[in-house]
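Got your viewer open? Load the model, set it to cartoon, and we'll walk through it selection by selection.

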Amino acid sequence: MNVSIKMTENDNAVHVSLSGEIDAYTAPKVRDELMKHANKKGMQLVVDLSEVTYMDSTGLGVFVGLFKQLRTNEGDLTLTGMSERLQRLFDITGLADVMDINTEVEGGV
């Protein structure tokens with residue numbers, strides 16, 4: 001299973017495009033790449049999930065940890081471009097009530 005991560009950084013904002021599957025095998029790579037930005041004060045992270053075909057609970061855990069770390073450092077996380085399947089996963093777990101989820105794909109940073 002593969003995951004592709006593309007990032008564009010601009011001051012205190014990072015736009016991330018993920019594609020592929022986020023599961024027990026790929027989640028550590030995703031976590032490591034995204035957490036590099038979570039410790040910066042006031043960081044705004046926008047993650048485009050429109051090309052993510054599958055996510056399991058390990059992937060959800062990555063976003064929970066990222067969300068908490070960003071909030072600790074007065075940052076923010078926005079998830080965009082979710083498929084109905086991913087949206088349902090975030091709804092069922094209650095994360096959609098806590099996280100900023102925009103079903104439209106955002107433009108650049």
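The tour goes from the whole chain to one helix, then to some charged pairs, and ends with confidence.

**Whole chain**

Start with everything selected, and keep in mind that this is a predicted model. Colour by secondary structure and you should count three helices and five strands. Trace them from the N terminus and the order reads β-β-α-β-α-β-α-β. Now turn the C-alpha trace around: along its principal axes it spans about 30 × 30 × 25 Å. The radius of gyration is 12 Å, which agrees with the value near 13 Å for a compact globule of 109 residues.

Next, colour by accessibility. Buried residues account for 40% of the 109 in the chain. If you switch on contacts, look at how far they reach along the sequence: of those between residues at least 6 apart, 69% join residues at least 24 apart.

**Helix 1**

Select residues 27–38, which is helix 1. Put a distance between the C-alphas at its two ends and you get 16 Å over 12 residues, close to the 16 Å expected at 1.5 Å a residue.

Which residues of helix 1 are buried? Show Ala27, Val30, Leu34, His37 and Ala38 as sticks, and you have them. Look down the axis: they cover an arc of only 100°, which puts them on the same side of helix 1. An α-helix has 3.6 residues a turn, so residues three or four places apart point the same way.

What do these buried residues pack against? Add strand 1 (3–10), strand 2 (13–22), strand 3 (44–55) and helix 2 (57–72) to the selection, and the partners are on screen.

**Salt bridges**

Side chains of opposite charge can pair when their charged atoms come close. The whole structure has five salt bridges, and three stops will do for this tour.

- Stay on helix 1 and pick Glu33 and Lys36: their closest N and O atoms are 3.1 Å apart, in a salt bridge. The two are three residues apart in helix 1, so about one helical turn separates them. On a surface view, Lys36 is exposed at 53% relative accessibility, while Glu33 is partly exposed at 27%.
- Move to Lys41 and Glu74, whose side chains form a salt bridge at 3.0 Å, N to O. Lys41 sits in the loop between helix 1 and strand 3, and Glu74 in the loop between helix 2 and strand 4 (76–80), so this pair ties together parts 33 residues apart in sequence. Lys41 is exposed, at 55% relative accessible area, and Glu74 is exposed too, at 54%.
- Then select Arg71 and Asp76, where the salt bridge is 3.3 Å from N to O. Arg71 is partly exposed, with 45% relative accessible area, and Asp76 is partly exposed as well, at 22%.

**Confidence**

Finally, recolour by pLDDT. The chain mean is 90, and 93% of residues reach 70 or more. Where is confidence highest, and where is it lowest? Click strand 2 for the high end, at 96, and strand 5 (residues 100–102) for the low end, at a mean of 87.

One last selection: residues 105–109, where pLDDT stays under 50. The model does give this stretch 13 contacts beyond four places in sequence. Still, where pLDDT is low, the predicted coordinates should not be read in detail.

Conventions
Residues are numbered from 1 along each chain as its sequence is written. This is a predicted model: local features need pLDDT of at least 70, side-chain atom pairs count only at pLDDT 80 or more; totals for chains, interfaces and linings use all residues. Side-chain values use heavy atoms; hydrogens and water are left out. Helices (H or I, at least four residues) and strands (E, at least two) are DSSP runs, numbered from the N terminus. The expected span of a helix is 1.5 Å times one less than its number of residues. Buried means under 20% relative accessible area, exposed over 50%, partly exposed in between (1.4 Å probe, protein chains only). The arc is that of the directions from the helix axis to the C-beta atoms. Contact means heavy atoms within 4.5 Å. A salt bridge is a side-chain nitrogen of Lys or Arg within 4 Å of a carboxyl oxygen of Asp or Glu. pLDDT is the predictor's confidence in each residue, from 0 to 100. The radius of gyration is taken over C-alpha atoms; the globule rule is 2.2 Å times the number of residues to the power 0.38.
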